[in-house]
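These are my notebook entries on a structure that I looked up. The entries follow the order in which I consulted it.

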Amino acid sequence: MYGFYGRVLKVDLTERCFDVVPLAEEILADHLGGKGLGTRLLLDENPPGADPLGPENRLIFATGPACNGPAWGGSRYGVYTKSPLTGLYCESYAGGKVPESMDSAGYDAIVISGRADRPMVLGVHPYGVDFHLARDLWGMETYEAEDEARERFAPVGFSRPGAVVIGPAGENRVRFALIENDYWRSAGRGGTGAVMGSKNLKAVVFAGDRKRPLADPKGMAAQAKGFAASGRDNPGVKAYKRFGTTMMVALMNTAGAFPARYWSQGTCEHWEKIAGEAYHAEHDVTPNACRKCFMACGRLTTIKGGRRDGLRIEGPEYETIYAFGGLCMIEDMAEIAYLNDLCDRLGLDTITGGNLCGLAIEAGLRGRIEPVVRYNDPDGCAALLRSIAAREGHGAVLAEGIRHAAQEWGLEDIAVHVKGMEPPGYDPRALKGMGLTYATTARGACHLRTTFYKPELSGMIPPERIEGKAEMLIDFEDRLALFDCLVLCRFYRDMYSWEELGKLVELLTGLPGDKARLQRIARRVVDLTRAFNLREGMSPDADRLPGRLTREALPDGKRVTEQEMARMTEEYYRLRGWPAQEPGA
């Protein structure tokens, strides 16, 4: 079948064995790759009620038909598992160079189960997997671990190996630990790194010589050439190449939607100090791209001057700037870059990390704990992040996630999260569609399932409007679900319309690419994520914003009420065909 390898690699760490299983063509046609296939496998393979940190929880890596070929924006992989942070569906994506190494091994998905009795590295290649004991890598930070794993355990006989690794946070099963590759690319959110750590799996190294067979190689080459020629003049592409996601700092503060001082403000006084313009002016910043990308949104940076002089990092991204520069009120971009680097080395998600530092600041101010960190206190944040990764002191409480920490410290009335995951940097009191996104997303508060800040900020639909918002949001969510099946980078969303996606699917796979068929696939995948959560005990009551965000207005008066959220959610359910109360809920 064109566009697919037609096989899954199943690895059992407990028994140190593997099996290569063929995939039925109808499964591929109905789900494509990436999110569709990964979610289907997760539902089929994971026992209901599985402990996220137990050996029975599957860790699934998957690429899609767009990977390792001519398609622009296709150097991406997805990870699918049951989240140790939320206890629900978990998905995460990363780019860089490693996705092509993963794909060249020649599998549509890799399903890892069991638990090794000692720290281990896997070497995945077209003929299966090699099991390597790697006790001396345990304890290493991510950069060193990636270099060592790739150098020592790359499958023999293949070029361009790539590794995914965890840091100390994953080893210690911090519930929001992540998976890193290419030093600065992160499969963050939801605790994928903790799942790897629970399996005593320090790294996976991929290599191979396989390529997906394309339905129309000449047509695909022509599409890629034309797409690049038109795309390079796209205003959004130029903006991302110039400033990357750092440009969002100015935009969100101007819109009054930049969460600051732990969710009590929609802007901060020092925002110009942490905006993209200042960062590029004060430091050595160069655009950097994943493979098969002409956008180059990454910021390959060397910090100039001050106590962080010489620090080299790709970043920070907007979400990290908001988390530490907004919620924790840190005013120096060099310090935010340092905290970003520290999280990357330890293997911690920066959005959750910044949110938990903000919660700890408030806990100290309110007398719930002895103050260990204050606003605009990068050293205090750094010390707290290290204690989280090591599960020491207050870090041991925070390592269990925001729900646990809020309960321990009596801060449930101010803790901001949905389903146990903290929102990214778009305040739903100013952008009400983002509130609907946070409430209904399967993995918890997440911006990437819809990126609905884009239509709200660009004038496609007013941010304060309620009527019709769910319908437009579903169209965005469905199209981006298809992105995650192929797997494509989010930042190509303005260039891959439904029509362009249809052409891409036909050229890659030979399958029909009409919009109605693609919508059916996307909606099937969204329904599967819902089915997984309901099976794991989630109630529809979980599809709501935290009370603080519907109870408290921003200083400028912007607010979203419980009634407004209920109206949008009801419309969303109706259009999705979901009952307000699921059977057994």
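Which residue just after helix 14 takes a positive phi? I found that Arg391 does, at about 55°. The model is predicted, so I accepted local features at pLDDT of at least 70 and side-chain atom pairs only at pLDDT 80 or more, while totals for chains, interfaces and linings use all residues. Residues are numbered from 1 along each chain as its sequence is written, and side-chain values use heavy atoms, with hydrogens and water left out.

Entry: helix 14. I took helices (H or I, at least four residues) and strands (E, at least two) as DSSP runs, numbered from the N terminus. Helix 14 covers residues 378-390, and its end C-alpha atoms lie 18 Å apart. This agrees with the 18 Å expected because its 13 residues are counted at 1.5 Å a residue, the span being 1.5 Å times one less than the number of residues. Its buried residues (under 20% relative accessible area, 1.4 Å probe, protein chains only) include Pro378, Cys381, Leu384, Leu385 and Ile388. I noted that the buried residues of helix 14 pack against several helices, among them helix 12 (333-346) and helix 13 (350-365).

Entry: Leu137. I located Leu137 in the loop between strand 8 (128-133) and helix 4 (142-153). Leu137 is buried, with a relative accessible area of 0%. Its contacts (heavy atoms within 4.5 Å), not counting residues up to four places away in sequence, include Val121, Phe153, Glu171 and Lys202. I also recorded that Leu137 and Leu214 are 77 residues apart in sequence and 39 Å apart in space, C-alpha to C-alpha.

Definitions and conventions:
Buried < 20%, exposed > 50% of the residue type's maximum accessible area, 1.4 Å probe, protein only.
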